[in-house]
Amino acid sequence: MKVAIGGFSHETNTFNRIPTTRTSFIEPPGRTWQGDAMWPALHGGHPVLSGFHEAATSAGLEVLPTFYAAANPTTGTITADALDWIAEGLLTRIRAAQPDAVLLDLHGAGTSERETDAEAWILARVREVVGPNVALVVVNDPHGNLGFPWLDYVDATIAYKKIPHSDMHERGIEAALLLARILRREVIVSAAMTKPPVMVKSGLMTMSEASLMLIKPPMYWLTGRAYEMEHEQHVLNVSVNVGFGDADTPETGISIVVHTSGQPRLASELAQELGRLAWDLRRGFDTRLVMLAPQAAVERALSTPNWPVILADEGNNTAGGSPGDGTVILAELKSHGWPEAALFIRDAGAVAQCFTAGIGAAIELEVGGKLEPSNGSPVHLAGRIQTLTAGQADLEGLGTTSGRAALVKCGNTDLILTEFPTRQTAPTHYRRFGVEPRLKRIIVVQSAHVFRHEWDTVEHLPRSIIEVDTPGITSPSAREFDYVRVPRPIYPLDDFEWDPTDPNVIMARPSRPTSKSP
Ligand SMILES: [Zn+2]
């Protein structure tokens, strides 16, 4: 039997004013693979797609690559043209493949200027093309803002359980194995979804088991309970989608999805239980309880005898939609006399000036704060150019690139200027530019939580982590943003009571009449 594999990924921060265009998907750091060009991704180049391929092949299915497009989350709303182009690419190839089943990798927080739930719109059209009897299983990112229509189109949708996402490959395998069971008619999948009215923004989405987390975040408890439920009889998958509060859409918010084997009522009950737990834990998502202001953060980091200290630049998180030129922490470091610290700023103009001046030159620059008004003002600084780098491709094994880069030394602070936005999600990202983070007192990461896996769980490098309440479009303080499309009431914008047993807040879909005879 033939299984078509494809996907589409963009986590759309609707507060980012720069549109995400067709070019954002085609040119690096975006990536698009069509037909046979998908094979390297299926053979290990992409964690979810290779999981699909590995498990589908082992189940005796013939894999047909179709279309996959992803754009970096450093630009905002997807244009209608780009979404049409993606749908066309995917649908044309799925139609031509005439598959018995479909596996899709869809982020879930894609928003276009025309469709707020871009993936649901794509799923509807895929279902139209393949008809009601072709099994369709999706892997989604738990930062997806899933709406109820998803369940109308898919047999199952399975989210990563870890944030940072260290289990993408396993979820790809899980989805393909479930698809194979559906095709063999071993299971008939029921689904239920509930959406507790809680919106979570930026760094509070962490589902960390990292050593430094003594107080576990709400997602730790929610996902822990989901794991337990998966051991119960008839339960196939329980996914907790924390959602993406950086998107102002009608679908924004947590969603809980439960799949059982032919037990729609059980699916509803479990979804309801997790919905209630999410609601009960909602105050754990309150930024005012867990963040430090920039000045206090730098002072605390400088006064501690235990270092390195990581300062997580929450408002300037390039994985959450920031263009990566936030200067608030840079300005604090300057006003503290350039201490032993290291940080990245995206500023293509400053990089060009450094290349003109050359290695070893003393230089004065106006750095950052040019692309997003809430990211702080440009910082005037004087430093010496230490190194120039032609281009660091493939920073994370995902085809992302810094472009040209310059290391500028200001006092004891190492400032790495890059042409494109980067994320410092691993210590190696500093080392590639000649900076050893263990020797620094302060390390800044333009990352809300993704950095925790490599820095903390793998390398045990920081002695402490401070989440800094910086301004910028990825600031976790939802109350500071003007939302016009999110469903109201919603926590933390509104103060209200919620009844998790209200039948209007849960949607159960009985078993799908899938699929073709084996
Ligand atoms: Zn994610």
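**A tour of two domains and one sheet**

In this predicted model, the C-alpha centres of domain 1 and domain 2 are 31 Å apart. To see both, select residues 2–286 together with 503–509 for domain 1, and then 292–475 for domain 2. Giving each domain its own colour will help with the next step.

Turn now to the place where the two domains meet. Domain 1 contributes 23 residues to this contact, and domain 2 contributes 29 residues. On the side of domain 1 that touches domain 2, ten residues are nonpolar, eleven are polar and two are charged.

Next, display the strands β10 to β17. Eight strands make up an open sheet with mixed pairing, and their order is β12-β13-β14-β15-β11-β16-β10-β17. Which strands form the edges of this sheet? Select residues 362–367 for β12 and 464–468 for β17: these are the edge strands, and each of them pairs on one side only. Rotate the view to follow the sheet from strand to strand; the twist averages 30° from one strand to the next.

Remain at the β17 end and select residues 309–313, which are strand β10. Strands β10 and β17 run parallel and are joined by five bridges. One residue pair to pick out here is D313 and V468, since V468 in β17 is the bridge partner of D313.

Finally, add residues 294–303 to the selection. This is helix α10, which lies across β10, β16 and β17. Strand β16 can be found at residues 442–445. With the helix and β17 both in view, compare their directions: α10 runs at about 165° to β17.

Technical notes
Residues are numbered from 1 along each chain as its sequence is written. This is a predicted model: local features need pLDDT of at least 70, side-chain atom pairs count only at pLDDT 80 or more; totals for chains, interfaces and linings use all residues. Domain bounds come from an automatic or database domain assignment. Two residues are in contact if their C-beta atoms, placed from the backbone, lie within 7 Å. Ala, Val, Leu, Ile, Met, Phe, Trp, Tyr, Cys and Pro count as nonpolar, Asp, Glu, Lys and Arg as charged, and the others, Gly among them, as polar. Two strands pair if DSSP finds at least two bridges between them. Helices (H or I, at least four residues) and strands (E, at least two) are DSSP runs, numbered from the N terminus. Axes are lines fitted to C-alpha atoms, for helices over the stretch in contact, and angles run from 0 to 180 degrees between N-to-C directions.
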